[in-house]
Amino acid sequence: MRVTLLAGGTGAARLACGLAAVLPSGDLSVVTNTADDDEFWGLLVCPDTDSVVYRLAGLFNDRTGFGVRDESFHALEMLGRLGEPTWFSLGDGDIGLHLLRETLRRRGAGLAEAMGEIGRRLRLPATVIPMSNDPVRTKLCTEAGEMGFQEWFVGHRCEPPVSAIRFAGLETARPVAAAVAAVKEADLIVIGPSNPLLSIDPILALLGTHLDRDRVLAVSPVVGGQALKGPTVTLMAGLGEEPTALGVARRYAGIAGDFVLDIVDSALSSGVAALEVRPHVLNTVMADAAGERRLAADILGIRTGG
Ligand code: FO1
């Protein structure tokens, strides 16, 4: 079964691992959000793409929640000694991947082509495809002024309330052809448990017209009114969205015929069904590799469009 996962952030990267473990090699494509990307010291950092790559490669740093495991920060220490701001922690191993990505891009490769080469060299069990080769950058309008996502998320620890979100470059960005193909050719498209506003909306803006609702299943990133990781609930509430699994189902009702919500939210099932969306109550918490495989197997066991 060919599956395409739309992914941004930690939860979706975990589900990518679970799906890769239960699907035949070559059956999984992961289209990643690039709006969180940012440049640091001339290096393009792609957090949502790289978290999927590192998890699939078994290199992810579970202690910090980003970058490479067993990481050192000697380059960052030198930058600090040279008077550079070091609020964004780039590790030495992570920098290694960024250096190859920059080299490939300087030789003319687009971001997606560069990530394809890096994926092959890491022998990834899935194809990781950034949604666009064109720059798309999240800009958050806050009381402290407009700022980039990493500046808000890391630099300001998600503290300034967000009154509006825009994606600079999205209006002219083109989806990567391989991402369009991955969506069109998939037997099942899974919208991962990612922040709908920050991670999934940019991908849908580029690929939404290629989605067939009966082949799309969305997984709630909100469990019991809480996001398991990241600022999803705070952001949704601040922007007047209902920060619950039902609120997420409502956002996706037009594009996903199936919606997975967690056991703790089973009381919301009828509300989801009232949206003409098929609810599926599963244990969506992936505490470890076994949990990732379990959720992936449960999702594949659902007959979508049935
Ligand atoms: N998150 C942090 O909270 N602090 C950091 O210093 C940090 C550095 C970092 C470096 C590379 C990378 O790929 C991700 C990094 N992240 C860091 C995580 C990143 O801000 C988030 O993962 C995403 O942008 C949101 O999902």
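**Group meeting talk: a ligand, its surroundings and some rings**

Let me begin with Gln150, where a polar side-chain atom lies 2.6 Å from an oxygen atom of the ligand. That is a polar contact, a term for a pair of N or O atoms within 3.5 Å; within protein, one of the two must be able to donate a hydrogen and the other to accept it, and residues adjacent in sequence count only if both atoms are side-chain atoms.

Before I go on, please keep in mind that this is a predicted model, in which local features need pLDDT of at least 70 and side-chain atom pairs count only at pLDDT 80 or more, while totals for chains, interfaces and linings use all residues. Residues are numbered from 1 along each chain as its sequence is written, and side-chain values use heavy atoms, with hydrogens and water left out.

Now back to the ligand. An oxygen atom of the ligand is also 2.9 Å from a polar backbone atom of Ser89, and a polar side-chain atom of Asp36 lies 3.5 Å from an oxygen atom of the ligand. How much of the ligand does the protein bury? Taken alone the ligand exposes 530 Å², and the protein buries 84% of that, where accessible areas come from the Shrake-Rupley method with a 1.4 Å probe, and for residues only the protein chains shown count as cover.

The ligand sits in the largest pocket. A pocket is found on a 1 Å grid over the protein atoms alone, as an open set of points where a 1.4 Å probe fits, with protein on both sides within 12 Å along at least five of seven lines, and a molecule sits in a pocket if more than half of its atoms lie within 2 Å of its grid points.

Which elements give two or more residues to the shell around the ligand? They are α2, residues 47-57, and α6, and α6 gives the most, with four residues. Helices here are DSSP runs of H or I with at least four residues, strands are runs of E with at least two, and both are numbered from the N terminus. In total 14 residues surround the ligand, and the closest are Pro47, Phe88, Ser89, Asp94 and Gln150; for a residue to be near a molecule, one of its heavy atoms must lie within 4 Å of it.

Let me stay with α2 for a moment. This helix is mostly covered, since nine of its eleven residues are buried, among them Asp48, Tyr54 and Arg55. Buried means under 20% relative accessible area, exposed means over 50%, and partly exposed is in between, with a 1.4 Å probe and protein chains only. Just after α2, Gly58 takes a positive phi of about 75°.

Next come the aromatic rings. A search of the whole structure finds six aromatic pairs, where rings of Phe, Tyr and Trp (its six-membered ring) pair if their centres lie within 6.5 Å, and planes under 30 degrees apart count as stacked, over 60 as edge-to-face and the rest as tilted. Phe40 and Trp41 form a tilted pair, 6.4 Å centre to centre with 50° between the planes. Is Phe40 buried or exposed? Phe40 is buried, at a relative accessible area of 9%, whereas Trp41 is partly exposed at 33%. Phe149 and Phe153, by contrast, form a stacked pair, 5.1 Å centre to centre with 20° between the planes. Both of these residues lie in helix α6, residues 149-155, four residues apart, which is about one turn of the helix. Phe149 is buried at 7% relative accessibility, while Phe153 is partly exposed at 29%. Ring pairs also link Phe40, Trp41, Trp87 and Phe88 into a cluster, and Phe88 is one of the residues closest to the ligand.

I will finish with some residues elsewhere in the chain. Arg157, in the loop between α6 and β8, residues 162-168, has a positive phi of about 50° although it is not a glycine, and Arg157 is exposed at 54% relative accessibility. Glu276 likewise is not a glycine and has a positive phi of about 65°; Glu276 lies in the loop between α11 (269-273) and β14 (278-282) and is exposed, at 67%. Finally, Arg14 lies in helix α1, residues 9-22, and is buried at 17% relative accessibility, and a polar contact of 2.5 Å joins the side chains of Arg14 and Glu292.

Key
1 Å grid on protein atoms, 1.4 Å probe; cavity = no way out; pocket = protein on both sides within 12 Å on 5 of 7 lines; lining within 4 Å.
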